[in-house]
Amino acid sequence: MASPSSSFENHLPRRVITGRGISQSLAAVCQANGWHRPFIVSDSGVASAGLLGPVALPLRAETFTEVPPEPPIDVVDTIAARLKTSGADVVIALGGGSVMDAAKVASLCAWHGKTAREFVGIGKAGGRGLPTVLIPTTAGTGSEATFVAILTDPATGNKVGVVDPCMLADIAIVDPALTDGLPAHITAAAGMDALVHAIEGFIAKVATPLARGLALEASRRIGQSLEVVCREPGNTDARDGMAIGSHLAGMTFANSSCCAVHALALPLGGRFHIPHGVITGCFAGEMMRHNAPVCADDFATLAVALGWGALDATAFASRLDAIAASIGLRTQLRQTSVLSDSIATMARDAVAIRRLMDPNPREVTETDAVRIYQSVLNCA
Ligand SMILES: [Fe+2]
């Protein structure tokens, strides 16, 4: 069992507002905080789903809706330039993880007058940026609750991280109604990613007592809701459960860490452009099988929280595999052909991501990483 650190800090957004339909009160929230020149960051998918208009129009806000998936680092500089010329006094992100991550870093760039590249790494912010309001439209990344932003370096194709508590949101608004119309394949991938956040945040060597508690409540809600919402997309109770569960799972790893599943996901996602949640969902079972010898107690505790009853560690890992298959993630993964001669390089790159590998409860060697990639990708 991972032993929580004896000294720790808690990292949370300054304020969290949750509730079905609560995003409609955004104009009042801005007014109450003295923000009069809001700037909205979003993407074309959110705009075409009809979510942007009801938020942007009452605010008369300027908008930037061109954040691409896996946002390249340069797009952050473009947003920052727009923020400066608009005289914005608050950045509102309306979207999934890509949108929120881009907005978090852009708020730093605009305030400090630096490029996004200058913030890559851990603890490079040097102070908070423009105020941020983060509003997720998917239930998965938990980015509204974290101080991590993942961007893509177009020069290398590698994913890079900006990690600094100064990026914690001024306000996170979690409105489950914004997820009601999400397509099934995104609901499944994002939801399984949230489950992996809760599991890895619980078992990480650096998990704080707060993170351990948050992980169990996140697991309880996700366990009740994930498979239901994939079967019944119109089930609003399940949508609510996933929205709050994924938010709590984001808070979990903000006060702990993600681990080896996420380390394996970064090189694979960067090279082959597979959705992040598809990868973490498909790799969770095999990695937990690897972790099983040192995680028996933790997996037993998580299994009960998830509503799975008494399971041993191997059965816990198999249950994760079964869910990934039943909600269609294995099918999504098979749609991309991964070149097997990339595995050695990806394994080397994954093991080098020490911020994710060091907290993993059991060491993952390069040989282990090759075996796990081969096993999951069926390239053996
Ligand atoms: Fe994730």
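Helix H8 is mostly covered in this predicted model, with 17 of its 19 residues buried. The helix runs over residues 236-254, and the distance from its first C-alpha to its last is 27 Å, close to the 27 Å expected at 1.5 Å a residue.

**Strand E4 and its partners**

Burial is complete in strand E4 (residues 90-95), where 6 of the 6 residues are buried, so the strand is largely enclosed by the rest of the structure. In a regular strand the side chains alternate between the two faces of the sheet. In E4, Val90, Ile92 and Leu94 point one way while Val91, Ala93 and Gly95 point the other way, and the residues of both sets are all buried.

E4 pairs in the parallel sense with strand E2 (residues 38-41), over 4 bridges, and within this pairing Ile40 has Ile92 of E4 as its bridge partner. E4 also pairs with strand E6 (residues 132-136), again in the parallel sense, over 5 bridges; here the bridge partner of Gly95 is Pro136 in E6.

**The nonpolar core**

In soluble globular proteins, nonpolar side chains tend to be buried together. The largest nonpolar core of this model has 131 residues, of which Val41, Val76, Val91, Val105, Ala106 and Leu264 touch the most other members. Helix H6 (residues 184-203) gives the most to this core, with 11 residues, and the core draws at least three residues from each of domain 1 (22-174) and domain 2 (184-377). Around Ala106, once its neighbours within four places in sequence are left aside, the contacts are Val41, Val76, Ile79, Ala80, Leu83 and Val91.

**Two domains and their contact**

The protein is divided into domain 1 (22-174) and domain 2 (184-377), and the centres of the two, taken over C-alpha atoms, are separated by 25 Å. In the contact between them, 16 residues of domain 1 meet 22 residues of domain 2. By class, the side of domain 1 that touches domain 2 has 4 nonpolar, 9 polar and 3 charged residues.

**A second sheet**

An open sheet of 3 strands is arranged in the order E5-E8-E7, with mixed pairing. Its edge strands are E5 (121-122) and E7 (148-152), each of which pairs on one side only. E5 and strand E8 (residues 159-163) run parallel and are joined by 2 bridges, and in this pair Ile122 has Val163 of E8 as its bridge partner.

**Loop residues**

Four loop residues are set side by side below.

| Residue | Loop between | C-beta neighbours within 10 Å | Class |
|---|---|---|---|
| Glu70 | E3 (62-64) and H4 (73-86) | 17 | partly exposed |
| Asp175 | E9 (171-174) and H6 | 24 | buried |
| His273 | H9 (260-272) and H10 (276-291) | 12 | exposed |
| Arg362 | H15 (354-357) and H16 (366-377) | 16 | partly exposed |

Two of these residues call for attention through their backbone angles. Most residues other than glycine have a negative phi, and most peptide bonds are trans. Glu70, although it is not a glycine, has a positive phi of about 45 degrees, and His273, also a residue other than glycine, has a positive phi near 55 degrees. Glu70 counts as partly exposed because its 17 C-beta neighbours inside 10 Å fall between the limits for exposed and buried residues, whereas His273, with 12 such neighbours, counts as exposed, since the exposed class takes in residues with 12 or fewer.

The other two residues illustrate contacts between parts of the chain that are separated in sequence. Asp175 and Gln24 are 151 residues apart in sequence, yet their C-alpha atoms are 9.1 Å apart in space. Not counting residues up to four places away in sequence, Asp175 touches Gly19, Arg20, Gly21, Ile22, Ser23 and Ile135. Asp175 is buried, with 24 other C-beta atoms within 10 Å, because a count of 20 or more places a residue in that class.

Arg362 and Ala292, in turn, are 70 residues apart in sequence and 8.7 Å apart in space, C-alpha to C-alpha. With residues up to four places away in sequence again not counted, Arg362 touches His290, Asn291, Pro293 and Val294.

Note on methods. Residues numbered from 1 in each chain as written. Predicted model: local features only at pLDDT ≥ 70, side-chain atom pairs only at ≥ 80, totals over all residues. Pairing = 2+ DSSP bridges. Domains from an automatic or database assignment. Contact = placed C-beta atoms within 7 Å. Nonpolar A, V, L, I, M, F, W, Y, C, P; charged D, E, K, R; others polar. Core = buried A, V, L, I, M, F, W, Y, C linked by C-beta atoms within 7 Å. Expected span 1.5 Å × (residues − 1).
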